[in-house]
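Visitor: Please take a close look at a single part of this structure, and then place that part in the rest of the chain.

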Amino acid sequence: MTTVPSSLEDRGRILRELGFATQRVGDQLHGSAEITPELHVPGTTALRISVLATWADTVSGLLASLVMGPRVPVTLELDVHLYRPAPAAGEVKAVGRTVKAGRSVFVAECEFTVDDEPIGFSAASFMVAPDPDIRFPRQFSVDLPRTADRLPAPLAERAACTRIAPGSVLLPRTVEGLNASGTVNGGLIALAAEESVLSLTPGSTLCFLGLRYLLGARVGPVSADARLHSGVARVEVRDTGNDNRLTTLATARVFD
């Protein structure tokens with residue numbers, strides 16, 4: 001019997017603990033998950049926008065893989081817009097659709113509902129990973145079953161995403177937070193960006209989060225530093241172990 005190395009078993013475990021499952025339905029990809037307290041914004045009962053960003057990235061990235069596979073797609077840009085603060089409980093459903101399948105760039109959109117009520121939407125663009133040796137395994141499927149694992153602690157605590165000062169957080173690079181290309185998962189980058197903004201306005205939630213992924217975070221830890229003015233924030237995310245290179249630019253808006 002072949003044994004899978006523990007490092008491969010653990011890769012992306014934090015994201016699997018979010019309880020998100022996907023299923024292909026015709027040309028669409030549907031996803032669903034239950035909201036749990038571990039997914040709430042600290043000090044509130046609202047679902048984190050970074051969790052929705054993670055699920056949007058999953059759905060859209062899987063759609064991209066149908067076009068770009070067996071090469072691995074990497075996220076270029078992703079944004080999430082909420083109509084109102086996300087609820088504290090219920091079943092989130094995501095419906096992903098392909099917008100453009102070009103030769104070099106793939107674009108998808110995703111709509112979110114909770115108990116059949118619309119709460120927001122997202123858009124994301126992808127390109128093929130530059131390294132041609134990074135490929136999906138032969139048994140890869142876009143139908144992801146829901147695992148039995150669940151977050152044992154609030155998401156930021158589970159990811160060891162730590163607020164070190166108002167507007168600044170640190171996120172370590174761990175095997176459990178890696179994506180298929182071996183860099184910090186884009187959903188955890190979104191978490192770091194969200195946390196940096198929330199540290200400046202405790203008890204608030206975000207109505208918009210936009211991310212421009214410039215470079216994969218390969219070394220870590222990742223730093224996120226936010227500046228907030230009149231409810232609008234700009235965030236710089238850097239790979240401190242890789243000459244402090246800028247990996248992601250994020251923008252966010254806080255609900256009034």
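Guide: What follows starts with one loop and then turns to contacts and peptide bonds elsewhere in the chain.

The model is a predicted one. The part chosen is the loop between β5 and β6, where D115 lies. Strand β5 covers residues 106-114 and strand β6 covers 117-128. D116 is found in this loop as well.

The backbone of these two residues deserves attention. D115 is not a glycine, yet its phi is positive, at about 50°. D116, also not a glycine, has a positive phi of about 75°. Their charges belong to a surface feature: D115 and D116 gather with E34 and E117 in a patch of negative charge on the surface. By the definition of such a patch, its residues have over 30% relative accessible area and no salt bridge.

The loop can also be set against the annotation. An unreviewed UniProt entry lists residues 51-117 under "domain: Thioesterase". Over residues 51-117 the chain is 27% helix and 46% strand. The C-alpha atoms at the two ends of that range are 18 Å apart.

Helix α3 spans residues 49-68 and contains W55. W55 forms an aromatic pair with F20; the pair is stacked, with 5.0 Å from centre to centre and 10° between the planes. F20 lies in the loop between α2 (13-16) and β1 (21-25), so the pair ties together parts that are 35 residues apart in sequence. The count of aromatic pairs comes to two.

The loop between α2 and β1 also holds E17, which is paired with R158 in helix α4 (residues 155-158). E17 and R158 form a salt bridge, with their closest N and O atoms 2.7 Å apart. The bridge links distant parts of the chain, the two residues being 141 residues apart. The count of salt bridges comes to 11.

Two cis peptide bonds can be added to the picture. One joins G69 and P70, with omega at about 10°. P70 is placed in the loop between α3 and β3, the latter covering residues 73-82. The other runs from G220 to P221, with omega near -5°. P221 has its place in the loop between β9 (206-213) and β10 (222-229).

To return to the starting point, the loop between β5 and β6 holds D115 and D116, with positive phi values of about 50° for D115 and about 75° for D116.

Terms used
Residues are numbered from 1 along each chain as its sequence is written. This is a predicted model: local features need pLDDT of at least 70, side-chain atom pairs count only at pLDDT 80 or more; totals for chains, interfaces and linings use all residues. Side-chain values use heavy atoms; hydrogens and water are left out. UniProt positions are given in the numbering used here, feature names are shortened, and annotations may be inferred rather than shown by experiment. Helices (H or I, at least four residues) and strands (E, at least two) are DSSP runs, numbered from the N terminus. Patches are made of residues with over 30% relative accessible area and no salt bridge: like charges are joined within 9 Å, nonpolar side chains (Val, Leu, Ile, Met, Phe, Trp, Tyr) within 5 Å. Accessible areas come from the Shrake-Rupley method with a 1.4 Å probe; for residues, only the protein chains shown count as cover. A salt bridge is a side-chain nitrogen of Lys or Arg within 4 Å of a carboxyl oxygen of Asp or Glu. Lys and Arg count as positive and Asp and Glu as negative; His and the chain ends are not counted. The place of a charge is taken as NZ of Lys, CZ of Arg, CG of Asp or CD of Glu. Rings of Phe, Tyr and Trp (its six-membered ring) pair if their centres lie within 6.5 Å; planes under 30 degrees apart count as stacked, over 60 as edge-to-face and the rest as tilted.
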